[in-house]
Amino acid sequence: MEDNMIRVSVTDREGNVHELDAPTDMGMNMMELCKSAELPVEGTCGGMAMCASCHMYVNSSHAIPPKSDDEEDMLDEAFFVEDHSRLGCQIHLSNELDGLKVELAPVGN
Amino acid sequence: MEQAEPFRPGFTLGERAEQIEKDEEGQFILTTNRGTRHRAPIIAIAGGLGCFEPRKPPVPQLADFEDRGVEYIIKDPEFYRDKKVVISGGGDSALDWTIFLAEGVASEVTLVHRRKEFRGHLDSVQKVMDLAAAGRIKLMTDAEVVEVSGQDGLERIAVKTKAGEVHEVPTDHWVPLFGLSPKLGPIADWKLNITKNAVEVDTLDYSTNVPGIYAIGDINTYPGKLKLILCGFHEATLMVQSAFKRIYPDKNLVLKYTTVNGVNGFEG
């Protein structure tokens with residue numbers, strides 16, 4: 001893998017696994033990466049942790065910085081929340097996240 | 001508002017456009033949820049992300065109990081007088097209504113929340129904790145409602161804790177307060193081509209598949225769409241040019257760069 005490029009895997013809501021190459025030097029987050037790959041992630045608020053439309057589960061043991069209060073608050077309004085739930089927009093892509101595995105959470109009504 | 005004033009627009013605020021029909025002269029008749037009827041030769045939908053509607057929790061058979069014990073908004077607290085009420089949520093609405101209903105309105109109030117922490121104002125959180133400690137409300141944290149049931153309307157809910165225990169709670173009402181999310185709403189029924197919750201338009205003039213109806217801003221979609229305010233303005237500008245030609249097919253349109261000299265004289 002090139003410098004400043006990582007590979008992450010995203011499982012969509014149909015169970016299909018997408019291996020995505022992602023740059024780590026462009027200030028991107030998982031919500032933006034999924035949207036750029038045209039995966040069904042809304043990102044309605046534009047990445048401000050003000051909606052929960054990029055809710056995903058982290059299925060690998062990568063050390064992601066802990067949830068901020070804003071993120072916890074938004075997850076309160078989401079459904080199907082699990083202990084490994086995160087907002088994709090709050091997962092900032094860094095070299096340490098190479099091999100990250102996430103799964104898109106179901107969408108409520 | 002001042003910018004729009006010279007054009008003397010009419011406003012009907014706080015209403016939702018529900019239905020579109022055409023009259024015998026080919027004019028659109030748009031009816032709102034309050035029954036206001038607008039008659040116009042064209043319609044421009046600038047609905048943003050859509051209507052903000054309450055988020056509904058993914059509980060089986062929930063729809064069967066809507067307005068039969070399940071409400072997503074508290075319109076009149078008196079409705080809950082001497083009733084058993086369960087509220088779900090961790091924000092200010094959930095906390096404020098829990099406090100209000102517990103103070104001599106409802107006969108029993110239970111607050112169910114996914115976490116131990118609440119995101120509302122600290123004094124509201126403290127009040128809720130005090131009410132729980134005094135036995136005036138039942139507080140169930142690290143828990144969520146997973147089932148609703150009843151013969152004739154809502155009679156009980158099932159609450160599942162993080163530890164996996166399920167508790168049945170008899171209740172007359174359940175009020176899930178999980179905020180709002182944007183929905184297309186009635187726009188989805190106007191026979192417009194919809195892709196991914198947005199209205200498909202032709203980028204020539206932002207017209208939809210229904211002649212005379214346009215869609216601009218975040219509500220529309222087309223190849224290369226960017227949800228930027230800049231693009232919204234651009235779309236609106238081109239849309240009105242097209243609308244003018246549609247309304248006045250025999251008139252020429254004079255493009256003016258400013259309205260500082262007044263708004264007359266656009267027609268050539």
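Over how many bridges do strand E2 (residues 28-32) of chain B and E3(B) pair? In this predicted model, the two strands pair over 4 bridges, and they do so in the antiparallel sense. One of the contacts can be picked out by name: B:Phe28 has B:Ala40, in E3(B), as its bridge partner.

This pairing belongs to a wider arrangement in chain B. Here 3 strands, in the order E1-E2-E3, form an open sheet with antiparallel pairing. Strand E1 (17-22) and strand E3 (37-40) of chain B each have a single partner strand and stand at the edges, so one side of each is left without a neighbour in the sheet. On average, neighbouring strands of this sheet are turned by 20° against each other, direction ignored.

Attention now turns to the charged side chains. Side chains of opposite charge can pair when their charged atoms come close. Over all chains, the structure holds 23 salt bridges. A helpful place to begin is within chain A, where A:Arg86 and A:Glu71 form a salt bridge whose closest N and O atoms are 2.8 Å apart. This pair links distant parts of the chain, since A:Arg86 sits in strand E4 (residues 85-87) of chain A and A:Glu71 in helix H2 (residues 69-76) of chain A, 15 residues apart. Both A:Arg86 and A:Glu71 are buried.

Other salt bridges cross from one chain to the other. The side chains of B:Arg114 and A:Asp76 meet in one of them, at 3.0 Å from N to O. B:Arg114 is found in the loop between strand E7 (108-112) and helix H2 (122-133) of chain B, while A:Asp76 is in helix H2 of chain A, so the pair joins two chains. B:Arg114 and A:Asp76 are both buried.

A further link is made by B:Arg119, which forms a salt bridge with A:Glu77; their closest N and O atoms are 2.8 Å apart. Because B:Arg119 lies in the loop between E7 and H2 of chain B and A:Glu77 in the loop between H2 and E4 of chain A, this pair too joins two chains. A:Glu77 has a relative accessible area of 15%; this is under the 20% cut-off, so A:Glu77 counts as buried.

These contacts between chains are part of a broader pattern. Salt bridges that share partners join A:Glu72, A:Asp73, A:Asp76 and A:Glu77 with B:Arg55, B:Arg114, B:Arg115, B:Glu117 and B:Arg119 into one network.

Conventions:
Residues are numbered from 1 along each chain as its sequence is written. Chains are lettered from A and ligands numbered from 1 in the order in which they are written. This is a predicted model: local features need pLDDT of at least 70, side-chain atom pairs count only at pLDDT 80 or more; totals for chains, interfaces and linings use all residues. Side-chain values use heavy atoms; hydrogens and water are left out. Two strands pair if DSSP finds at least two bridges between them. Axes are lines fitted to C-alpha atoms, for helices over the stretch in contact, and angles run from 0 to 180 degrees between N-to-C directions. A salt bridge is a side-chain nitrogen of Lys or Arg within 4 Å of a carboxyl oxygen of Asp or Glu. Buried means under 20% relative accessible area, exposed over 50%, partly exposed in between (1.4 Å probe, protein chains only).
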